[in-house]
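User: I've got a structure open and would like to go through its packing with you. Can you take my questions as they come?

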Amino acid sequence: MAGIMQPLFDYLDTGDIVFVSSPTLFGRLIRFFTRIRGESRTKVNHVGMIVKFGLGETARPMIVEAQARVRCHDFQRAYFMGKGDRNGLVIYRPCPRLDGHDRAELTLAVMKYVGLPYGPLKLLLHAGDWLLGWIFARDIKLFRRLGITPLPICSRLVEKLMGTVRIKFNGDGMSSPDSMLDWIESPGCESRWVCVYRRPGGAL
């Protein structure tokens with residue numbers, strides 16, 4: 001697998017956004033609780049960002065993501081080996097491609113978040129808004145606006161990181177992974193993002 005996918009690992013670059021659709025019960029529950037009544041099927045439940053350290057053949061794609069803590073670890077090992085290769089993946093790149101200055105800014109920003117604990121209270125805020133969404137059939141962001149904790153969840157982490165290079169999702173800073181993907185794939189965004197990889201799995 002590693003040899004077959006090596007061209008992808010070489011091509012990936014800092015700032016590429018990785019959307020994940022997990023076949024696990026936890027992944028299915030997240031997709032269920034981030035969908036509002038009347039909305040199309042939720043496809044992804046997690047999001048991370050690629051960062052590359054080193055130059056040339058020594059550079060390996062790492063993924064920074066909020067799990068139990070914010071981690072920056074080997075992308076190949078995480079999603080192409082063992083149970084990780086069962087996840088559905090779709091990877092998007094900003095267009096035009098980030099320049100060297102922006103990639104350096106992102107790398108510095110990553111280091112400020114690595115090691116921070118996950119913000120589980122924010123999941124409760126999403127759950128409260130989900131309940132309101134099912135009642136009123138629209139996305140109501142009442143609880144998320146309370147901002148109980150500054151600790152990151154996966155979508156907020158990526159929003160914060162990409163904000164350092166002036167890239168925003170939905171414009172409100174309170175996106176879920178699926179709403180971020182919906183925005184990237186919306187008709188008005190074709191010229192701003194390019195899909196560099198897609199692998200079926202989960203709900204993808």
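User: Let's begin with the helices. What is the handedness of the crossing where H4 passes H6?

Analyst: First, a caveat: this is a predicted model, where local features need pLDDT of at least 70, side-chain atom pairs count only at pLDDT 80 or more, and totals for chains, interfaces and linings use all residues. Residues are numbered from 1 along each chain as its sequence is written, and side-chain values use heavy atoms, with hydrogens and water left out. Helices (H or I, at least four residues) and strands (E, at least two) are DSSP runs, numbered from the N terminus. A crossing is left-handed if the near helix is turned anticlockwise from the far one by less than a right angle, and right-handed if clockwise; for H4 passing H6, the crossing is right-handed.

User: At what angle do H4 and H6 pack, and how far apart are their axes?

Analyst: Axes are lines fitted to C-alpha atoms, for helices over the stretch in contact, and angles run from 0 to 180 degrees between N-to-C directions. Helix H4 covers residues 100-113 and helix H6 covers residues 154-163; they pack at about 140°, with axes 9 Å apart. That makes H4 oblique to H6, given that under 35 degrees is roughly parallel, over 145 roughly antiparallel, 65 to 115 roughly perpendicular and the rest oblique. So for the numbers themselves: about 140° and 9 Å.

User: How many residues of each class are in the contact of H4 with H6?

Analyst: Contact here means heavy atoms within 4.5 Å. On the H4 side you have Leu-106, Ala-109, Val-110 and Tyr-113, and they meet Leu-157, Lys-160, Leu-161 and Met-162 in H6. Ala, Val, Leu, Ile, Met, Phe, Trp, Tyr, Cys and Pro count as nonpolar, Asp, Glu, Lys and Arg as charged, and the others, Gly among them, as polar. By that scheme the tally is seven nonpolar, no polar and one charged.

User: Which element gives the largest share of the largest nonpolar core?

Analyst: A nonpolar core is a set of buried Ala, Val, Leu, Ile, Met, Phe, Trp, Tyr and Cys residues joined through side-chain atoms within 4.5 Å. This one has 29 residues, and those touching the most other members are Ile-17, Phe-19, Met-49, Leu-161, Met-162, Phe-169 and Trp-193. Elements that give two or more residues include strand S1 (17-21), strand S2 (46-53) and helix H7 (177-184). The largest share, five residues, comes from H6.

User: How many of the 10 residues in H6 are buried?

Analyst: Buried means under 20% relative accessible area, exposed over 50%, and partly exposed in between (1.4 Å probe, protein chains only). In H6 the buried ones are Cys-154, Ser-155, Leu-157, Val-158, Glu-159, Leu-161 and Met-162. Ser-155, for one, has a relative accessible area of 1%, and beyond its neighbours within four places in sequence, Ser-155 is in contact with Val-47, Ser-175, Ser-176, Pro-177 and Met-180. H6 is mostly covered, then, and the count is seven.

User: Over in S2, is Ile-50 buried or exposed?

Analyst: Ile-50 sits in strand S2. Leaving out neighbours within four places in sequence, Ile-50 has contacts that include Leu-12, Val-18, Met-62, Ile-63 and Phe-75. Its relative accessible area is 0%, so Ile-50 is buried.

User: And how does Arg-71 count by relative accessibility?

Analyst: Arg-71 is found in strand S4, residues 70-74. Not counting residues up to four places away in sequence, Arg-71 touches Ile-63, Val-64 and Glu-65. At 40% relative accessibility, Arg-71 counts as partly exposed.

User: Now the backbone. Which residue has a positive phi although it is not a glycine?

Analyst: Look in the loop between H6 and H7. The residue there counts as exposed, at 61% relative accessibility. Its phi is about 65°, and the residue is Arg-166.

User: Which two residues does a cis peptide bond join?

Analyst: One partner, Pro-96, has its place in the loop between S5 and H4. Omega is about 5° for this bond, and the pair is Cys-95 and Pro-96.

User: Last one: what percentage of the protein's residues is buried?

Analyst: For the overall picture, the secondary structure comes to seven helices and six strands. Among contacts between residues at least 6 apart in sequence, 71% join residues at least 24 apart. Of the 204 residues in the protein, the buried share is 48%.
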